[in-house]
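Biologist: Please take one part of this model and go through it closely, residue by residue where that helps. I would like the account to start from how the elements are named and then to settle on the pairing of strands.

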Amino acid sequence: MRLRRGQEPTRRLAHVWNEANCTACGACIIACTATNAPEMMHRKEKGWNSLASNIRRIESQNAQGRPTMMLSQCQHCEDAPCVHTCPFGAVHYTTDGLVDIDERLCIGCSYCVAACPYNVRWMHPETGLPNKCMGSACLELVAANQQPACVQACPANARDFGDLNDPASSVSQTLRRLPNRVLLETAGTKPKYFIVESSS
Amino acid sequence: MTTIERTGMKRRTFLGGATAAGIGAALVSKGWGDAATFFGPDGADIEGLKQAGYEVRHTLCLQCGAQCGLTGLVKTDAPADGKNFVIFGNQNPAHPQRGMCGRGATAPSTWNSPLRLKKPLRRVGERGSGEFEEISWDQAFDDIAARMKTIIDEDGERALAFTRHNLSDEISWFQMLNTPNLISQASSCNTAGVVARRWMMGSGFHHHAAVDPDYDNCRFVLLPGRTLSAPAGAQWRLARAKEKGAKVAFLNPAHPDTAYGGGEWISCKPATDAAFMLGLARILIDENRFDENFVRRYTNLPYLIKADGQPLSQADLEEGGDEDLFKVYDGANIVDHDADGLMPVLSYEGAVTLADGTEVAVRTAWDLLIEHLADYSPQQVAQITEVPVATIVRIARTLHTMQGVVEDTWYNTRNGNDTDAVMALMTVNGLLGNFDKPGGLCFRPGHGVPGGSLSRGSDGTLKTRHGFELPLPPPGTPIDKQMYPETNGTFHAVVDSVLGDNNAPYRIRGLFVVDATLFHRDSNTKRIEEMLRNLDLVVTTDIIHQEVCDWSDYVLPADMFLERRKLRGVGWTFSPTAAMAQAVTAPPPGADVRPMEWMAFEIVRRLYPDRASALGYEERFYNDPKLFQEEYLGAIEDKRIEGLAENWGRNPAQVKEELLREGFITFRDIEYGNVPYKRSFASPSGKLEIYAFHPVRKGYRESGLARHFDPPAFTLPSSNREFYMTNGKSPSGSSAVAGLAFSTQYLADNSVWINPQDAARLQIADGAQVELEGLDTGWVATTRVKVTPRVHPGTLFTYSYVGGNRQPILQQSEGFEALGKGVNPHWFTTGWIDPHTGSAFNNASVRIRRVV
């Protein structure tokens, strides 16, 4: 449900990705497409030249020259540039603390795509509208008190999703217990996609 | 959203624990929001789902060979249009091999892929052209049988060969033809390790899943060459162990994807694993970090070895003595190795008088090992492997202090020196003595699932599991075992046979390729092409249009795992477990696909009607494969379940009900402390033979100790433009089927990796086109390179199974064109086969040139 101005979200739902458990198998990436954009399973996402998934796999290397890999997606920022930028009020916060796009209001201007410092949107070739995590199917799922597709798909216990306002939630417990970070912390976006850096 | 009347939670099945609701995600995605309401934290309301028109069907993934537990959710009243089912990993946390990796996730897109084989095809163009016409099943079988009859009449049944990848039970029905030549793909996968384990531990301990780390409780696991991208169950268990502090390291020339998950990557020069392991062994001994008690009691290192490398036995000392009664030194005398309470001495050197009066020097295998390891100091090993001394020392110490193990590999045929690499890692494990303990190397027990649906007695008689018999003479020894007696499956014997090479004993003229992508499976593409050109008959059965289809006279579309039912033992667990795969969905629209077993009968009945009918194949099955599956195969399944239940003292009906409800049944927990403490190894000495007796006695080698030597399978790179060409597995795409999935082009890209140092030296930019030329084969190919630190300097790497697919259909299928890019590593491999083990290899060497 759309968060009204001045209203506080009832939940602060957040994604947790444990990079120390992730085996880069790609199951979450494929499951995301199969769940949220099944019509794209055999079609290329031309903007990223990739599978039309809301999860991006980014390979790099650290200062020591060792290979690194990161899965990135919408961070569901609490101070989201995309929400501020959208001229039509289509991009908005939900009462669950997520960032969502109201397709009825969106005209596909792509301002939000440019505004996002995490570069995690893709444009659907048929609707011309931006897509990102959470996909519409996963949002329905969350509304039904279920877990997103990526969490279910992971064979290595590397993904979780839950409410930061609930100290007993598994994400809250994990973030209390294990070292973690967010991306572009100094950008002021207050992201809620947490990268756990250690299994134990 | 319509409202569905709830029926109450009468029967629940595990669909989740923490992730139960994930199933709801898939449901919602298909517009089945109502069904999501039947899933909750305690599981799923099965009865409610049924009444609402949904069904839970468990299956076993065959997108690679690991066969992990998946679950399908099916809309029972909907047509099979791809929207009628979803799949996900079996969510029951008690399932020992559950989970869906990136390859498993491609299964639905394989099911309705544009590359899916849907009708029987007959070749109309040249072999390799990919030009076919659709024909009926009867036409295909009539043609094939007629051409087989000609071959059999002229050269006998043995002139027909059948090769497979995973479908061992399905292909077994071709035993009705009584050719001995049903030959697996093992030599290009696991033969090196299988032979090494058999030599060191004996039969029963040789299978690639027979020995494995206890991932649930592991503390440190070193994986030489193994990516652990499968099975998914091992990843799940390792993830939980890591949460308790376990560490993992990968020794590999290329950085495995799985190493991203908090693993240490030890970058090494290809083909040097044995040296690395022997370096570890040297450090463990030098620093007294080995388990002396285990070594003395449970390995054959105290055994006496003669100067000629042969073990000293009673047969040497007494006329008519037992050659399997070996000798050790007990501190005072040379005694039999099996004396009660014996604690033999590790270091001893002396002389004995043989039965013929000659005197020979003897030393313990331990002393020979110490002398042997003089060549494997950390500094020497660092030079060979290009791994820093400090890393080698640290890994050895970590193995000791954390009570770690070295994983014993699955796919390991890479360079031609791989049997020694596995022997060397088992040497390290022997010194550590961490066997059959929590977190140690443990042994898979029998799962109790009765063996094949069709078995052969020693007199040659074939028997189905449900009681039919067909008397046949024994078919003789398969041609690969004639040529390579130690092998567990060497397809190149067929290649040699067709081409008249390597003293092949006779010529094979007809080949059936069953679910086996020859071009990505077997080395030396030119020779494979030449073989296919020279065969009188080539038939392929598969689910996807593989490259080998284009070289086949007939292509028969088979059903895929989502469409069939099977009872199997679960391979990768220490808890005896059986699993049942159900058909999740019907084939996609327009796909006239059939089960392999039915195809075998249809061919055989045209050649030998009496044989088919003797095994219970009735006329009513002729045009009704579904009836055949339900009645014939169903009866076999019931008998196998009966046998399974009997083996575990359970009620068959209850066993079947649980298999269908949960997808698996585990009969007991892991039991530690058996091998080798209560039950000996099956080696000649009954010990872990760090000094392998069998190959020495057979004359394959002078010493039974593992050693490092340069790879014999290809020319070594020697100039600054020459590289090792290596390949390995991607968890997102490296398998025959997943390699042709749409997503694979993005998640397991088919570029060739080059290290930044090499790229800078050769002025090759990331994404540039390069030309590769095989040093041995001369094959020239152009491909895109990826400049990445994920590959060792001097080495190139590409994911296996995902590059160089040449079938024209890819260019005709929008979006699939890129799957034809990249290189197939076997364009560059020589096809060399180890003359003793029959092991093939998958690496090569190439010359690189920048394309301007």
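Modeller: The element names used below are DSSP runs, helices of at least four residues (H or I) and strands of at least two (E), numbered from the N terminus. With that naming, N157(A) can be placed in the loop between α5 and β10 (159-163) of chain A. In this model, which is predicted, N157(A) has a positive phi of about 55° although it is not a glycine. A residue is called buried once 20 or more other C-beta atoms lie within 10 Å of its own, and N157(A) counts as buried because it has 22 such neighbours. A second case is E386(B), again not a glycine and with a positive phi of about 65°, in the loop between α13 (378-385) and α14 (389-401) of chain B; because E386(B) has 17 C-beta neighbours inside 10 Å, it counts as partly exposed.

The part I would dwell on is the sheet of chain B. Seven strands make up this open, mixed sheet, and their order is β8-β7-β27-β26-β25-β9-β10. Its edges are formed by β8 (132-134) and β10 (182-183) of chain B, each of which pairs on one side only. In general, the strands of a sheet pair through backbone hydrogen bonds, in either the parallel or the antiparallel sense.

Starting from the β10(B) edge, the neighbouring strand is β9 (residues 160-164) of chain B, and the two are joined by two bridges in the parallel sense. T163(B) is the residue that stands opposite I183(B) of β10(B). On its other side, β9(B) runs parallel to β25(B), with five bridges between them, and here T163(B) has V513(B) as its bridge partner. T163(B) can therefore serve as a point of reference for this end of the sheet, if one keeps in mind that two strands count as paired when DSSP finds at least two bridges between them.

The next strand, β25 (residues 510-514) of chain B, is mostly covered, since five of its five residues are buried. Its side chains alternate in direction: G510(B), F512(B) and V514(B) point one way, whereas L511(B) and V513(B) point the other way, and all are buried. V513(B), which is the partner of T163(B), therefore belongs to the pair that also includes L511(B). G510(B), from the other group, has L537(B) of β26(B) as its bridge partner. That partner lies in strand β26 (residues 537-542) of chain B, which pairs with β25(B) in the parallel sense over five bridges.

Turning from strands to helices of chain B, the axes of α7 (residues 191-201) and α15 (residues 418-432) come within 8 Å and cross at roughly 50°, so α7(B) and α15(B) are oblique to each other. Their crossing is right-handed. The contact includes A192(B), V195(B) and M200(B) from α7(B), and V422(B) and M426(B) are among the residues that α15(B) contributes. By class, the residues of this contact divide into seven nonpolar, two polar and two charged.

Conventions. Residues are numbered from 1 along each chain as its sequence is written. Chains are lettered from A and ligands numbered from 1 in the order in which they are written. This is a predicted model: local features need pLDDT of at least 70, side-chain atom pairs count only at pLDDT 80 or more; totals for chains, interfaces and linings use all residues. Axes are lines fitted to C-alpha atoms, for helices over the stretch in contact, and angles run from 0 to 180 degrees between N-to-C directions. Angles under 35 degrees count as roughly parallel, over 145 as roughly antiparallel, 65 to 115 as roughly perpendicular and the rest as oblique. A crossing is left-handed if the near helix is turned anticlockwise from the far one by less than a right angle, and right-handed if clockwise. Two residues are in contact if their C-beta atoms, placed from the backbone, lie within 7 Å. Ala, Val, Leu, Ile, Met, Phe, Trp, Tyr, Cys and Pro count as nonpolar, Asp, Glu, Lys and Arg as charged, and the others, Gly among them, as polar. A residue is buried if 20 or more other C-beta atoms lie within 10 Å of its own, exposed if 12 or fewer, and partly exposed in between; C-beta atoms are placed from the backbone.
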